[in-house]
Amino acid sequence: MTTPMEYDIDDDVIDKLAGLPAGSHLHALRHQREKVAVASQGSYDSLFDPALEGIGLDERLLVALYACRLAGAQDVAAHYRARLYALPADAAQIAIAADGAPERLPEGRLRAMLAFARALTERPIEGNEAVLRTLPAAGISTPAVVALAQLIAFVSYQLRVVAGLKAMKSASNQAGTA
């Protein structure tokens with residue numbers, strides 16, 4: 001993995017996904033605890049670092065896209081879809097992740113990763129040993145399994161933060177205090 005980049009408040013992915021313009025009340029509120037914003041962006045940068053070993057960037061973005069689809073977060077899914085289209089990613093795999101139909105994939109790495117993402121996203125209690133064993137059986141190393149679980153947890157966190165910020169923004173707009 002590469003050395004983390006310096007935090008750039010103007011390039012904060014959560015701010016962009018939530019539509020928080022710099023200088024807005026909600027943007028200022030979110031950045032009152034700057035270390036949280038910095039850590040969130042640092043997690044994003046690390047988890048989607050092309051140099052992260054064990055899981056290809058395309059695979060990680062496909063898992064993120066699929067997790068967004070499972071959560072019904074089409075706006076955040078669009079972010080990951082755009083990142084995938086910027087890569088030499090397989091269009092059929094992108095469509096499968098976006099449509100939520102991993103059973104259309106052949107047995108293997110990506111199908112196992114998406115099944116794991118579904119288990120952790122929809123029914124975390126089912127992310128048990130049996131589900132975990134499917135990953136090494138598909139050729140995914142233990143460090144890559146850990147990174148995959150962290151990625152799924154981060155996307156879940158990211159979706160909740162973005163949804164919360166959008167709800168606050170909507171409430172502020174309705175109250176006329178944006």
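Reader: Which residues do ring pairs link into a cluster?

Author: In this predicted model, there are four aromatic pairs. Ring pairs join five named residues into one cluster: Tyr44, Phe48, Tyr80, Phe154 and Tyr157.

Reader: How are the planes of Tyr44 and Phe48 arranged: stacked, edge-to-face or tilted?

Author: The ring centres of Tyr44 and Phe48 lie 5.1 Å from each other, and the angle between their planes is 45°. Planes under 30 degrees apart would count as stacked and planes over 60 as edge-to-face. Tyr44 is buried, as is Phe48. The aromatic pair they form is tilted.

Reader: Why does the pair of Tyr44 and Phe154 count as tilted?

Author: The centres of the two rings, Tyr44 and Phe154, are 6.4 Å apart. Neither the stacked limit of under 30 degrees nor the edge-to-face limit of over 60 fits their planes, so the pair is tilted, with an angle of 55°.

Reader: How many residues apart are Tyr44 and Phe154, and in which helices do they lie?

Author: Both Tyr44 and Phe154 are buried. Their pair links distant parts of the chain. Tyr44 belongs to helix α3 (residues 34-47) and Phe154 to helix α9 (residues 142-175), and they are 110 residues apart.

Reader: Is Ser40 buried or exposed?

Author: Ser40 lies in helix α3. A residue must be under 20% relative accessible area to be called buried. Ser40 has a relative accessibility of 5%, so Ser40 counts as buried.

Reader: What is the status of Asp45: buried, exposed or partly exposed?

Author: Asp45 is also a residue of helix α3. Buried requires under 20% and exposed requires over 50%. Because the relative accessibility of Asp45 is 33%, Asp45 counts as partly exposed.

Reader: How many Å separate the C-alpha atoms of Asp45 and Pro102?

Author: Along the sequence, Asp45 and Pro102 are 57 residues apart. In space, their C-alpha atoms are separated by 26 Å.

Reader: What span should helix α4 have, and what is the distance between its end C-alpha atoms?

Author: Helix α4 covers residues 57-71, which is 15 residues. At 1.5 Å a residue, the expected span is 21 Å. The distance between the end C-alpha atoms agrees with this, at 21 Å.

Reader: How many of the 15 residues of α4 are buried?

Author: The buried residues of α4 include Leu57, Glu59, Arg60, Leu61 and Tyr66. Because so many of its residues are buried, α4 is largely enclosed by the rest of the structure. The number buried is twelve.

Reader: Which residue follows α4, and what is its phi?

Author: The residue after α4 is Gly72. Its phi is positive, near 75°.

Reader: How does α4 run relative to α5: roughly parallel or roughly antiparallel?

Author: Helix α4 packs against helix α5 (residues 74-85) with the axes 8 Å apart, and their crossing angle is about 160°. The crossing is left-handed. Angles over 145 degrees count as roughly antiparallel, so α4 and α5 are roughly antiparallel.

Reader: Which residues of helix α7 are buried?

Author: Helix α7 (residues 109-122) has 14 residues and reaches 20 Å between its first and last C-alpha atoms, close to the expected 20 Å. Its buried residues are Leu110, Ala112, Met113, Leu114, Phe116, Ala117 and Ala119.

Reader: Where in the chain is confidence highest?

Author: The chain has an average pLDDT of 90, and 94% of the residues score at least 70. Confidence is lowest in helix α8 (residues 129-137), with a mean of 85. Confidence is highest, at 97, in α4.

Conventions:
Residues are numbered from 1 along each chain as its sequence is written. This is a predicted model: local features need pLDDT of at least 70, side-chain atom pairs count only at pLDDT 80 or more; totals for chains, interfaces and linings use all residues. Side-chain values use heavy atoms; hydrogens and water are left out. Helices (H or I, at least four residues) and strands (E, at least two) are DSSP runs, numbered from the N terminus. The expected span of a helix is 1.5 Å times one less than its number of residues. Buried means under 20% relative accessible area, exposed over 50%, partly exposed in between (1.4 Å probe, protein chains only). pLDDT is the predictor's confidence in each residue, from 0 to 100. Rings of Phe, Tyr and Trp (its six-membered ring) pair if their centres lie within 6.5 Å; planes under 30 degrees apart count as stacked, over 60 as edge-to-face and the rest as tilted. Axes are lines fitted to C-alpha atoms, for helices over the stretch in contact, and angles run from 0 to 180 degrees between N-to-C directions. Angles under 35 degrees count as roughly parallel, over 145 as roughly antiparallel, 65 to 115 as roughly perpendicular and the rest as oblique. A crossing is left-handed if the near helix is turned anticlockwise from the far one by less than a right angle, and right-handed if clockwise.
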